[in-house]
Amino acid sequence: MIPSVNKSGSRTIGLLAYLYGPGKAEEHTDPHLVASFDGMSPDPGRDPHATLKELQLLLDQPVMALPRHARPAKHVWHTSVRATADDRILSDEEWGDIARRVVAATGIDPGGGQPGCRWAAVRHADDHIHIVATLVCEDGSRPDDFRSGKRAQTECRLIEKELDLHQVAPGDGTAAQRPTSAERHKAERQGRARTAREELRETVRRAVAGATSEEEFFDRLTAAGLLIRKRAAPSGDLLGYKVALPDDRNKDGEPVFYLGARLAPDLSLPRIRERWSADHDGQDAVPTGPRERTAPGGPSAARRRTASAAWQSVLVIESGDDAVAAAHIASAGEILDALAKTSAAHTRAQLREAAFAFERASRSHVRAERGHDRALRQAARDLVRGGPAHGRGEDGATTAMAIDMLFFLITAVAHWHANKGHAQQAAAARRAAEHLRAAYRLAAAQPLGALYQRGRHLGRPLLQRQTKILREALPHLAARILGEPGWYALAATLADAETAGHDPAVLLADAAGHRELGTAESVSDVLVWRLRRAAGLPADASSMVSGAPQPDESARRAGRQAPQRPGSRRGRT
């Protein structure tokens, strides 16, 4: 059950006309009262003799009784209370009780002999009601409605339990502002899948991903086709910005602009600058600049570096300092935004949904200590500057490799939030992980299929050798892996690693030595990507000739940026 306290207004009659009217998209059906301050208020919806004016005058009477100079300029209080899609349809009597509890909890009409405001609760749909109140009590005083939104949320959590309704995860005040009903109806009329607010939030987040300067950030917003207005101090220093969609106009034909901070708390210009300043603080800052327009190695190398950075972040989030973990979690959102922006068509929808869902998980009251997340931010930058990836070949295979590791990173984020009691963020991370799982299946089908075919044709002696290596290196997982369809792809990878001069047993033990492997849908799939990344093997089996790995430039470039993983025979003495 979701209460939403709106800004105070000044026209009671205007709000009542909307609530009793057909709605902006003819969505209002059978509008009628379910409760009121006295239980006897006129109902223009079901009483043919009652009028909106009559109800308005009744509600406004305490306000109009005050001298004109003493009347509040914004005297209309309005909140909606909405059931979730999983809830049963409540009766009018149940909604009436809910309305009385909400106005009592928020201080609008506290009861117990205390002075209260006049109010009425209107129902014009199965799943929600609207409560209208005037903010002057019967004795002329003002109500104690401080933090009424928070108090309404608390009361609704109790109502959910008592009525056996879906229990909404409590918030912590860090969520982005939800679209208003007017914004949702406008999007429906225009045929948009999302509201302008949501589209702008997604576009701005993609522009932020990996950016290191205001120039680059605003260049990306312009390239995305947004209208931009900047706010500057008299000195010329930039203070903030707001953006609009070119085709989102108000009734006067003017663009509807949104402040960055109103799109999400971490999209205000000062909060975005925190990421940039941390990128350049310290001796180990990554040397990048606005003129650098391409990433070394192209899309496939960028995806390899993303997988490596994600793997390191899993370890930090599971065992690091909270502030450092929060920085990695925030930058994980940048990775998802960048990957969705540069993905091939067949994975784009699921990756976009993953990034959209994870947005809620990227913030909490644990303040991020920026700077420790440079590797992730650089990976996001490389993804953007590496350009769009192809759906096949090395680009497609390394996309599967990156998504595979990002799934474990986002799962670790879900566990971190759950352990901190961040219910909304944990739920958002779990939703994002499910979209990543779906994207992985799409990305991995072709490259794993090719590896599977190579594994099936290894020949009995070589296949038996790889089976023996598996049983000796991973005795506790061998039976499960041998029973998976992906075993043949893993066998081909073990053969490739050995041919390239690695000890496959050591590589296996190292790759399987992390506890997050237990959440894998297919252990063999996970080991394939970890081994190919650790050994610097091409991710795409089509680049293999006669079972021998061919030089992979993207893997070689990516390998120069990270220490050599255990298990390699190269450089041993």
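This report describes two sheets, two nonpolar cores, one cavity and one buried serine in a predicted model.

Residues are numbered from 1 along each chain as its sequence is written, and side-chain values use heavy atoms, with hydrogens and water left out. Since the model is predicted, local features need pLDDT of at least 70 and side-chain atom pairs count only at pLDDT 80 or more, whereas totals for chains, interfaces and linings use all residues.

## The five-stranded sheet

Helices (H or I, at least four residues) and strands (E, at least two) are DSSP runs, numbered from the N terminus, and two strands pair if DSSP finds at least two bridges between them. Strands of a sheet pair through backbone hydrogen bonds, either parallel or antiparallel. One open sheet holds 5 strands in the order β1-β3-β5-β4-β2, with antiparallel pairing. Its edge strands are β1 (2-5) and β2 (32-36), each of which pairs on one side only. From one strand to the next the twist averages 25°, where axes are lines fitted to C-alpha atoms, for helices over the stretch in contact, and angles run from 0 to 180 degrees between N-to-C directions.

Strand β4 (residues 117-125) is joined to strand β5 (residues 128-137) by a hairpin through 2 residues, and the two strands pair in the antiparallel sense over 7 bridges. Within this pair, W119 stands opposite A133 in β5, while V122 has H130 in β5 as its bridge partner. Strand β4 also runs antiparallel to β2, to which 4 bridges join it; here the bridge partner of H32 is R123 in β4. Because 9 of the 9 residues of β4 are buried (under 20% relative accessible area, with exposed over 50% and partly exposed in between, for a 1.4 Å probe and protein chains only), β4 is largely enclosed by the rest of the structure.

Two helices pack on this sheet, with contact taken as heavy atoms within 4.5 Å. Helix α2 (residues 52-64) touches β4 and β5, and its direction makes about 25° with that of β5. Helix α3 (residues 92-105) touches β2, β3 (76-82), β4 and β5, and its direction makes about 45° with that of β2.

## The three-stranded sheet

An open sheet of 3 strands follows the order β6-β7-β8, again with antiparallel pairing, and its edge strands, β6 and β8, each pair on one side only. The table sets out its two strand pairs.

| Strand pair | Bridges | One facing pair of residues |
|---|---|---|
| β6 (residues 227-232) and β7 | 6 bridges | K230 and Y241 |
| β7 and β8 (residues 258-259) | 2 bridges | V243 and Y258 |

Strands β6 and β7 form a hairpin with 5 residues between them, and G236 in the turn has a positive phi of about 100°. A further facing pair in this hairpin is L227 with A244 in β7. Strand β7 (residues 238-244) has 5 of its 7 residues buried, so β7 is largely enclosed by the rest of the structure. Helix α6 (residues 196-208) packs on the sheet, touching β7 and β8, and its direction makes about 125° with that of β7; helix α7 (residues 214-223), by contrast, lies across β6 and β7 and runs at about 15° to β7.

## Cores, cavity and a buried serine

A nonpolar core is a set of buried Ala, Val, Leu, Ile, Met, Phe, Trp, Tyr and Cys residues joined through side-chain atoms within 4.5 Å. The largest core has 85 residues, of which F358, I410, L474, I481, L508, L527 and W529 touch the most other members. Helix α14 (residues 393-420) gives the most to this core, with 14 residues. Leaving aside neighbours within four places in sequence, I481 is in contact with L470, L474, W487, L490, V523, S524 and L527. Another core, of 25 residues, lies apart from the largest one and includes A99, V102, C117 and I129.

The structure holds 3 cavities of 30 Å³ or more, a cavity being a set of points, on a 1 Å grid over the protein atoms alone, where a 1.4 Å probe fits but cannot get out, with lining residues having an atom within 4 Å of a point. The second largest has a volume of about 50 Å³, the volume being the space filled by probe spheres set on grid points joined across faces, edges and corners. Of its 13 lining residues, A344, H346, H390, G396 and T399 are the closest to the centre. Helices α12 (345-358) and α14 each supply at least two residues of this lining, and α14 gives the largest share, 3 residues.

Finally, S331 has its place in helix α11 (residues 322-342) and is buried, with a relative accessible area of 0%. Not counting residues up to four places away in sequence, S331 touches R370, D373, L376 and R377.

Definitions and conventions
On a 1 Å grid over the protein atoms alone, a cavity is a set of points where a 1.4 Å probe fits but cannot get out, and a pocket is an open set with protein on both sides within 12 Å along at least five of seven lines; lining residues have an atom within 4 Å of a point.
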